[in-house]
Amino acid sequence: MKKIIVRPLSPHVSVYQPQWNSMFSLFHRISGSVLAISLFTFFLFSIIYSFHATGSYELFSFFLTLEDSKLFSFVELTILFALSYHIINGIHHIIIENDKYSEIHLKWPKTTGLILLFIVVLLFFYISFYV
């Protein structure tokens, strides 16, 4: 009787821990994609609405009901979080490229990453509650 050996498909994935810089870069690209898709969708809806705006109360009421839905609120908060992350991570990247601050980031990448995430959450809550 043959013994079945269960081996992982990617054994190297469990060996290495993800680096903070690579994760920030990955999420920066994802947040940029989310912002680009949302901007394209907004322009698409605005074009559709502008063509049907003359005398189309049904489309206007559809947009009003869409705005009150929980899905729209979730999408809006996702876009706000992506925007705040993208802005703060871009500023973080510009600061790191400065020679004066690159040593601090190389010594404590986890600390600077946690500070970045803290500022992102603060900006997200400020935008979502006060703006």
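Helices are runs of at least four residues that DSSP assigns as H or I, and they are numbered from the N terminus. In the predicted model described here, F124 is found in one of these runs, helix α6.

**Overall make-up**

The protein has 6 helices and 0 strands, and its elements, read from the N terminus on, follow the order α-α-α-α-α-α. Of its 131 residues, 15% count as buried.

**Transmembrane regions in the record**

An unreviewed UniProt entry places the feature "transmembrane region" at residues 30–51, 71–91 and 112–130. For two of these stretches, the table gives the helix and strand content together with the distance between the end C-alpha atoms.

| Residues | Helix | Strand | End C-alpha distance |
|---|---|---|---|
| 30–51 | 100% | 0% | 32 Å |
| 112–130 | 100% | 0% | 26 Å |

**Helix α4**

Helix α4 covers residues 70–97, and because a helix is expected to span 1.5 Å a residue, its 28 residues should span 40 Å, which agrees with the 40 Å between its end C-alpha atoms. At the N-terminal end of α4, S69 acts as a cap, with a side-chain oxygen 3.2 Å from the backbone nitrogen of F72.

Which residues of α4 are buried? They are L80, A82, S84, Y85, I88, N89 and H92. An α-helix has 3.6 residues a turn, so residues three or four places apart point the same way.

H86 also belongs to helix α4, and the unreviewed UniProt entry places the feature "binding site" at this residue. Is H86 buried or exposed? Neither word fits, because H86 has a relative accessible area of 25% and is therefore partly exposed, whereas buried means under 20% and exposed means over 50%.

**How α4 meets α6**

Two packed helices are described by the angle between their axes and the distance between the axes. For α4 and helix α6, which covers residues 109–130, the axes come within 9 Å and cross at roughly 140 degrees. That angle is why α4 is described as oblique to α6, since only angles over 145 degrees count as roughly antiparallel. The crossing in which α4 passes α6 is right-handed.

A pair of residues, one from each helix, adds detail to this picture. F124, in helix α6, has a relative accessible area of 12% and is therefore buried. S84 is among the buried residues of α4. Although F124 and S84 are 40 residues apart in sequence, their C-alpha atoms are 5.8 Å apart in space.

Key. Residues are numbered from 1 along each chain as its sequence is written. This is a predicted model: local features need pLDDT of at least 70, side-chain atom pairs count only at pLDDT 80 or more; totals for chains, interfaces and linings use all residues. Side-chain values use heavy atoms; hydrogens and water are left out. UniProt positions are given in the numbering used here, feature names are shortened, and annotations may be inferred rather than shown by experiment. Helices (H or I, at least four residues) and strands (E, at least two) are DSSP runs, numbered from the N terminus. The expected span of a helix is 1.5 Å times one less than its number of residues. Buried means under 20% relative accessible area, exposed over 50%, partly exposed in between (1.4 Å probe, protein chains only). A polar contact is a pair of N or O atoms within 3.5 Å; within protein, one must be able to donate a hydrogen and the other to accept it, and residues adjacent in sequence count only if both atoms are side-chain atoms. Axes are lines fitted to C-alpha atoms, for helices over the stretch in contact, and angles run from 0 to 180 degrees between N-to-C directions. Angles under 35 degrees count as roughly parallel, over 145 as roughly antiparallel, 65 to 115 as roughly perpendicular and the rest as oblique. A crossing is left-handed if the near helix is turned anticlockwise from the far one by less than a right angle, and right-handed if clockwise.
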